[in-house]
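Student: Got a minute to go through this structure with me? I have a list of things to ask.

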Amino acid sequence: MSVQGARAVAYEVLRAVSGDEAYANLLLPHAIVRANLDAKDAGLATELTYGTLRRRGTYDAIIALAADRSVERIDPAVLDALRLGVHQLLSTRVASHAAVNESVELARRHGGGKGAAGFANAVLRRVSRDTPGEWMDRIAAAARSDDERIGVTTSHPVWIVRALRRALTAEGRADELAELLDADNVAPRVAMVALPGLAEAPDDATAARFAPTAFTTHGGGDPEGLIRASEGRIRVQDEGSQLAALALSRAMPVREGERWLDLCAGPGGKTALLAAEALAHGAQLDANEIAPARAGLVRQAVASVPLDVTVSEEDGRERAARSPEQYDRILVDAPCTGIGALRRRPEARWRKVPSDVPDLTALQQELVLAAFEALKPGGVVAYVTCSPHLAETSGVLAEVKRTLGDAAEELDARAVVRSVALREIDLPDQADGSLRAQLWPHRHGTDAMSIALLRKR
């Protein structure tokens, strides 16, 4: 196994994520192909990349102690080499001398020569002298508050720790916080979707826990092979995303000729599932995505479904405004903080800050209200976020309901999800009295999707 090649790929992706705000899940597969890594090396590169990103907060705290300086004072290229090295030293079976030497070489090559190499060597050798448990004790002791201690030891920004605690408390489940934070740092099992009526799971697949369209392959399998063989009618999709789409398509019986709209469709996973559902019931589907690149992904996603899906590229608010009372069902999978998908997108926890939330919630409200105006009487809008943050879930829903007044009726999203699910699913009541369904990584094995349903009277 070429550990060196896998390490080089991981470092390349880490630098792009840190320096260029790239997305690891999009960049890593291409980097692996370019490096011509075999399956074992690709697996190692993936573990090194995602493991380092998930534990970055913990590693930064350790590096700051070992270097006796804040990480903000360390050259970014050297810092990424240190993060990668610390991950190998404390969380993998890579030999310590190899982890140190190769990381020092990365620092020398990309961070400024001998001085950077000497600094990296001193820091990593300091880290290597003590056990992971001893370092965890040190960073916990250095924390200035209980929440900061939880944050550095579980690698979550403090504001996210507090947001997740509040969301769990709203269900009377605050005691699940540690379990949730741990789940965020475990690589999720790959979930697949077989588009209903167009594909079936392989004979050796294992049915997923809840979504009737979801399955996992035996031993992990080769998702790309399945996707190619099915011509895209089998694809990778989180089970929570599948439940969100099905909650809209199955909230009530479909009448032939219904018109549906996916208002914020990129990258198209939910759109493809809705397209298959629409095809099966004689409905039509339109999609909209403001970002041209993501709109292209939507078109690729629905290409495998023999249904004419028109994909527009507009601001969702404007797209809905020009279609008053034209749709029976609308999905608003709104832009959000994404803190419900930290297992799969670990860099998201380092990208958003609390000051982002007000602008996002304002946009979410505007999108839902615009979608509501585009509904026919009796139509349903599904408001979905990949975030459990109460401002983005209960807060937006409460404001939308206040604005709409008697024009809107909230449907019981929990009851709908239970009716869709293959088996009993634990969805507690919300403290605010709303009927939305909240999924969780630690409880359901899904992203933390929030699903709310509103019907126009």
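**Lys270 and its surroundings**

Tutor: Start with Lys270. Beyond residues up to four places away in sequence, Lys270 touches Gln237, Ser241, Ala244, Ala245, Asp262, Leu331, Asp333, Val384 and Met449. Keep in mind that this is a predicted model.

Student: Where is Lys270 found?

Tutor: In helix α14.

Student: And is Lys270 buried or exposed?

Tutor: Buried. Its relative accessibility is 10%, and the cut-off for buried is under 20%.

Student: Which residues does UniProt list for "binding site"?

Tutor: The unreviewed UniProt entry lists Cys264, Ala265, Gly266, Pro267, Gly268, Gly269, Lys270, Glu289, Asp315 and Asp333. So Lys270 is on that list, and Asp333 is too. Asp333 is also one of the residues that Lys270 touches.

Student: Take Cys264 next. Where is its place?

Tutor: Cys264 sits in the loop between β5 (259-262) and α14 (269-281).

Student: Buried or exposed, that Cys264?

Tutor: Buried, with a relative accessible area of 12%.

Student: What is Cys264 in contact with?

Tutor: Leaving out neighbours within four places in sequence, Cys264 contacts Asn288, Glu289, Leu331, Asp333, Pro335 and Leu367. Among them, Glu289 and Asp333 are also on the UniProt "binding site" list. Leu331 and Asp333 turn up among the contacts of Lys270 as well.

Student: Which residue does UniProt list for "active site"?

Tutor: Cys386, again from an unreviewed entry.

Student: Where does Cys386 lie?

Tutor: In a loop. β9 (375-385) comes before it and α19 (391-404) after it.

Student: Is Cys386 buried or exposed?

Tutor: Buried. The relative accessible area of Cys386 is 12%.

Student: And which residues is Cys386 in contact with?

Tutor: Not counting neighbours within four places in sequence, they are Cys336, Gly338, Ile339, Gly340, Ala341, Asp447, Ala448 and Met449. Met449 is also touched by Lys270.

Student: Change of topic: helix packing. At what angle do α5 and α7 pack?

Tutor: Helix α5 (residues 76-91) and helix α7 (residues 114-128) pack at about 25 degrees, and their axes are 10 Å apart. That makes the two roughly parallel, because angles under 35 degrees count that way. Their crossing is right-handed.

Student: Which residues make the contact?

Tutor: From α5, they are Val78, Leu82, Gly85, Val86, Leu89 and Leu90. From α7, they are Ala116, Phe119, Ala120, Val123, Leu124, Val127 and Ser128.

Student: How many residues of the contact of α5 with α7 are nonpolar, polar or charged?

Tutor: There are 11 nonpolar and 2 polar residues, and no charged ones.

Student: Now α8 and α9. At roughly what angle do they cross?

Tutor: Roughly 150 degrees, with the axes coming within 8 Å. Therefore α8 and α9 are roughly antiparallel. The crossing is right-handed.

Student: Which residues make that contact?

Tutor: Met136, Ile139, Ala140 and Ala142 of α8 meet Glu148, Arg149, Val152 and Thr153 of α9. By class, that is 5 nonpolar, 1 polar and 2 charged.

Student: Where is the place of Arg144?

Tutor: In the loop between α8 (132-142) and α9. Arg144 counts as exposed, at 74% relative accessibility. Its C-alpha atom is separated by 20 Å from that of Leu164, which is 20 residues apart from Arg144 along the chain.

Student: How do the axes of α4 and α9 cross?

Tutor: At roughly 105 degrees. The axes of α4 (residues 56-67) and α9 (residues 146-154) come within 6 Å. So these helices are roughly perpendicular to each other. Gly57, Thr58 and Ala61 of α4 make the contact with Val152, Thr153 and Thr154 of α9. Those residues divide into 2 nonpolar, 4 polar and no charged. Val152 and Thr153 also take part in the contact of α9 with α8.

Student: Last one. Thr49: buried or exposed?

Tutor: Buried, with a relative accessible area of 0%. Thr49 lies in helix α3 (residues 39-54).

Student: What is Thr49 in contact with?

Tutor: Ala10, Val13, Leu14, Ala24 and Leu28, leaving aside neighbours within four places in sequence. The C-alpha atoms of Thr49 and His87 are separated by 9.5 Å, and the two residues are 38 residues apart along the chain.

Note on methods. Residues numbered from 1 in each chain as written. Predicted model: local features only at pLDDT ≥ 70, side-chain atom pairs only at ≥ 80, totals over all residues. Heavy atoms only, no water. UniProt positions renumbered as here; feature names shortened; annotations may be inferred. Helix = DSSP H or I, 4+ residues; strand = E, 2+ residues; numbered from the N terminus. Buried < 20%, exposed > 50% of the residue type's maximum accessible area, 1.4 Å probe, protein only. Contact = heavy atoms within 4.5 Å. Axes fitted to C-alpha atoms, helices over the stretch in contact; angles between N-to-C directions. Parallel < 35°, antiparallel > 145°, perpendicular 65-115°, else oblique. Left-handed = near helix turned anticlockwise from the far one by under 90°. Nonpolar A, V, L, I, M, F, W, Y, C, P; charged D, E, K, R; others polar.
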